[in-house]
Structure formats: structure tokens, C-alpha cells
Amino acid sequence: MIDLRGVSKVFSIPHQKRKTAFDRVFGRGHYTFESFHALNEVSLRVEAGEFVGIVGRNGCGKSTLLRVVAGIYPPTTGTVRVDGAVAPILELGVGFNGALTVRDNVFLYGVLLGVRRRRLEAELASILDRAGISRFEDARLETLSTGLRTRLAFTVALLAEAPVLIVDEALAVGDEKFQAQCLAELRRLKDEGRTALLVSHDVSLLSQVCRRLVLLDAGTVREDGPVEKVIERYRSA
Ligand SMILES: Nc1ncnc2c1ncn2[C@@H]1O[C@H](COP(=O)(O)OP(=O)(O)O)[C@@H](O)[C@H]1O
Ligand SMILES: [Mg+2]
């Protein structure tokens with residue numbers, strides 16, 4: 001379903017140069033650029049119906065990996081194949097507009113994820129109810145707390161019919177009750193045979209829906225296998 005082969009993603013990182021008198025006069029040479037490998041020769045195959053968790057320290061390349069799978073970043077080298085549409089629930093707020101109302105954001109985000117407008121209209125009340133934010137329907141989104149915004153993002157994203165679901169750090173934000181609700185929803189999607197890549201720092205949460213984890217370290221796959229084995233390696237790293 002997802003097949004990455006030898007995928008690298010290289011970013012250019014600027015470093016400010018110390019200016020010489022010449023540079024000051026001619027205004028050049030202020031920066032040099034370093035090539036930085038956010039992903040380094042990553043190969044990963046995920047079969048249809050699999051739920052795979054991605055773990056690793058901050059900056060190890062988890063979000064970059066998800067973005068490459070979602071087609072948001074083209075890989076610098078290597079090939080990416082995904083059989084079917086992807087519904088990305090990326091970091092908070094991607095696809096939201098804080099200046100618009102909660103209701104408008106349901107449409108904005110929903111349409112972005114390929115949900116039909118008519119369906120969003122028909123289910124608006126139920127979406128807001130499930131997210132627990134009915135009373136904020138007409139409030140500007142930016143007045144909602146981070147947790148509430150994530151709940152909305154998650155609830156809308158679950159409507160997407162895309163066969164591949166990508167969730168970046170969205171699980172850990174909700175309160176306990178909402179987390180339980182999310183887990184139940186994820187299990188339902190799993191039973192439907194969908195495929196998912198989930199990033200979270202909460203390994204116990206991941207282990208409730210995934211049997212397989214991938215440990216990333218500095219852009220490289222360090223470990224890929226059964227949950228217990230990878231968690232052990234992750235904790236000892
Ligand atoms: N657009 C970008 N330009 C330059 N560097 C980036 C960009 N996106 C991510 N990076 C860098 O790539 C590395 C991996 O980032 P990321 O995938 O967001 O890590 P994670 O999600 O695991 O915390 C980080 O060092 C980050 O600073
Ligand atoms: Mg990230």
C-alpha cells in the first residue's frame with residue numbers, strides 16, 4: 001500500500017557568515033548553506049490494512065517522513081509509491097484558518113480532505129457534537145484551545161474516505177476521554193481495512209492500535225518490527 005525505497009530528503013540549512021568589509025559594501029555572502037539529511041535512505045513497506053506507529057526523538061524526521069508519504073514534500077532521492085488517496089492529519093492547524101469560524105473551518109478542512117460538501121452540511125451538528133465543541137460553532141477558531149482544535153481536526157479527518165490515514169502527534173493532545181474516543185475510531189478504521197501511519201511520543205497509546213513500530217533516528221530507520229521490541233530499543237537509546 002505504501003512503498004518507500006531509498007528515500008532521502010535533504011534540506012538546505014542557512015548559516016550566517018561573518019561579514020567582511022567587502023560583504024558589507026557589496027551586500028553579498030551573508031549566508032552559507034549546509035545540506036541536511038532529514039531522511040537518509042529510508043525504505044519502508046506498509047501492507048494494506050496495517051497500522052504502523054512511527055517513534056523517535058524530536059527532529060529525527062517523523063513529520064518529514066509523513067509529508068513525503070502524503071506527497072507534500074517530494075523526496076530528494078528514492079521513490080515513493082502509495083496506492084490510493086491519503087488523508088493527512090498533520091501537525092495542528094495545517095489546513096485550518098484561525099480567523100474563520102469553527103463552522104467554516106469544518107468545510108475548509110473537510111473539503112481539503114476530499115469530504116463532500118453536502119455530507120459536511122448534513123453532518124455538521126454531529127461533527128461538532130462529537131468534537132465536543134457545539135457551542136463554539138460561530139466562534140473564531142483561534143479562540144479555541146489547542147486541544148479543542150485538535151479534536152475538531154481529528155473528528156473531521158475521520159470522515160475522509162481515503163484508504164490511507166496519516167496522523168502526526170494529534171493523538172496525545174486530547175484529554176483521556178477524547179483519546180479513548182479516538183482509539184475506538186481508529187480501531188473501527190482498522191476493522192474497515194484501512195491503512196495508517198501514526199506518529200506519537202505516547203508508545204502505550206500506539207501499542208493499543210499498532211502491532212508494528214518503526215524507530216527513526218537522525219533520519220534513518222533504526223528498528224522496524226513488533227511493538228515490544230521497538231519500544232525496548234527506543235527506551236534504551
Ligand atoms: N522545511 C524544512 N527546512 C529545513 N529543515 C527542515 C524542514 N523541515 C524539517 N526540517 C528539519 O528536518 C529535521 C526533521 O524534522 P521533522 O521531520 O519535523 O522531525 P520530527 O517530526 O521527528 O520532530 C529537523 O532537524 C528539522 O529542523
Ligand atoms: Mg514532528
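**Helices H3, H4 and H5**

I began with how H3 passes H4, and the crossing is right-handed. The model is a predicted one, and I read every entry here with that in mind. For the geometry of this pair I noted an angle of about 135° and axes 10 Å apart. H3 and H4 are therefore oblique to each other, since the oblique class ends where angles go over 145 degrees.

I then listed who makes the contact. From H3 I wrote down Arg103, Val106, Phe107, Gly110 and Val111, and from H4 Arg117, Leu120, Leu124 and Ile127. By class, this contact of H3 with H4 has six nonpolar residues, one polar and two charged.

Next I looked up H3 (residues 102-112) against H5, whose axes come within 10 Å and cross at roughly 45°. That angle makes H3 oblique to H5. The crossing of H3 over H5 is again noted as right-handed. On the H3 side I found Val102, Val106, Tyr109 and Gly110, and on the H5 side Leu152, Ala153 and Val156. I counted no charged residues in this contact of H3 with H5; six are nonpolar and one is polar.

The third pair is H4 (residues 117-131) with H5 (residues 146-157), packed at about 130° with axes 9 Å apart. H4 and H5 are therefore oblique as well. Their crossing is right-handed. Ile127, Arg130 and Ala131 of H4 meet Arg151, Leu152, Thr155 and Val156 of H5. I sorted the residues of the H4 and H5 contact into four nonpolar, one polar and two charged.

I checked for residues that turn up twice. Val106 and Gly110 of H3 are listed in the contact with H4 and in the contact with H5. Ile127 of H4 is listed against H3 and against H5. Leu152 and Val156 of H5 are listed against H3 and against H4.

**The sheet of six strands**

I moved to the open sheet of six strands, which has mixed pairing and the order S5-S6-S7-S3-S8-S9. Its edges are S5 (86-89) and S9 (220-226), and each of these pairs on one side only. I noted an average twist of 15° from one strand to the next.

Within this sheet, S3 (residues 51-55) runs parallel to S8 (residues 212-217), and four bridges join them. I looked up two positions in this pairing. Valine 52 has arginine 212 in S8 as its bridge partner, and isoleucine 54 stands opposite valine 214 in S8.

S8 also pairs with S9, this time antiparallel, through six bridges. Here leucine 216 stands opposite valine 221 in S9. S8 and S9 form a hairpin with two residues between them. In that turn I picked out alanine 218, which has a positive phi of about 50°.

**The sheet of three strands**

The other sheet I looked up is open, with three strands in the order S2-S1-S4 and antiparallel pairing. S2 (31-46) and S4 (77-82) are the edges with a single partner strand each, so one side of each has no neighbour in the sheet. The twist averages 30° from one strand to the next.

I followed S1 (residues 2-16) to S4, and five bridges hold the antiparallel pairing. As one position in it, serine 8 has threonine 77 in S4 as its bridge partner.

I then asked what lies across this sheet. H2 (residues 62-70) lies across S1, S2 and S4, running at about 70° to S2.

**Ligand 1**

My last look-up was the shell around ligand 1. I wrote down Phe11, Ile13 and Ala38, then Gly56, Asn58, Gly59, Cys60 and Gly61, and lastly Lys62, Ser63 and Thr64. These divide into four nonpolar residues, six polar and one charged.

Which element gives the most to the shell around ligand 1? I found that H2 does, with three residues. S1 and H2 each supply at least two residues of this shell. I noted for the record that H2 thus appears twice in these entries, once across S1, S2 and S4 and once at ligand 1.

How values were computed: Residues numbered from 1 in each chain as written. Chains lettered and ligands numbered in written order. Predicted model: local features only at pLDDT ≥ 70, side-chain atom pairs only at ≥ 80, totals over all residues. Axes fitted to C-alpha atoms, helices over the stretch in contact; angles between N-to-C directions. Parallel < 35°, antiparallel > 145°, perpendicular 65-115°, else oblique. Left-handed = near helix turned anticlockwise from the far one by under 90°. Contact = placed C-beta atoms within 7 Å. Nonpolar A, V, L, I, M, F, W, Y, C, P; charged D, E, K, R; others polar. Pairing = 2+ DSSP bridges. Near = placed C-beta within 6 Å.
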